[in-house]
Amino acid sequence: MQDVFLGGRHATVGACPVCGGQWMRESDLERLAEVVEPVLVEWRRLPGEDQQRAVLRCPACEAAPAMTKLYSERDPRVVFDQCPECGGVWLDTNELRAIQQESLLRLLAGFVSRQA
């Protein structure tokens, strides 16, 4: 894994150069999930169900416990893995982008409904 600093939210994540996955602390995920990147069209290239369902083991804990599957509040199609011991989080390739991107139409609809 290679450490990557995501400056906008002051988070350092471990990035896997082979699969594109990212390992981070839960607090870093919370900060990164606050980012909203408006896009004209949401283009999601998320991993397939087989990869999403695969049991992952914590890369940070010595006992390597099986991680728990959780759904993102921002995008329920994103299934990330969290270690029950250290709380670290694994996101497969493109999952962070999927959490952060929001279509302009959805943002506008949310704004209008809050004004009503």
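This passage looks at the largest pocket, at one serine in its lining, and at the cysteines of a predicted model.

A good place to start is the pocket itself. The largest pocket encloses a volume of about 270 Å³. Its lining draws on three elements that each give two or more residues, namely α1 (26-33), β5 (68-71) and β6 (79-82). Of these, α1 supplies the largest share, with four residues. Among the lining residues are Glu-26, Leu-29, Glu-30 and Ala-33, together with Leu-70, Tyr-71, Phe-80, Gln-82 and Ile-99. Sorted by class, the lining holds six nonpolar, four charged and two polar residues.

Ser-72 also belongs to this lining, and it offers a handy point from which to explore the surroundings. This serine sits in the loop between β5 and β6. With a relative accessible area of 8%, Ser-72 is buried, because that value lies under 20%. Beyond its neighbours within four places in sequence, Ser-72 is in contact with Val-78, Phe-80 and Ile-99. Phe-80 and Ile-99 are also named in the lining of the largest pocket.

Attention then turns to the cysteines. Zero disulfides are found in a search of the whole structure. For Cys-61, the closest cysteine sulfur is that of Cys-58, at 3.6 Å, which is too far for a bond because a disulfide requires sulfur atoms within 2.5 Å. The sulfur of Cys-86 has its closest cysteine sulfur in Cys-61, and the separation of 3.8 Å is again too far for a bond. Cys-86 counts as partly exposed, with a relative accessibility of 43%.

Terms used: Residues numbered from 1 in each chain as written. Predicted model: local features only at pLDDT ≥ 70, side-chain atom pairs only at ≥ 80, totals over all residues. Heavy atoms only, no water. 1 Å grid on protein atoms, 1.4 Å probe; cavity = no way out; pocket = protein on both sides within 12 Å on 5 of 7 lines; lining within 4 Å. Points joined across faces, edges and corners; volume = space filled by probe spheres on them. Nonpolar A, V, L, I, M, F, W, Y, C, P; charged D, E, K, R; others polar. Buried < 20%, exposed > 50% of the residue type's maximum accessible area, 1.4 Å probe, protein only. Contact = heavy atoms within 4.5 Å.
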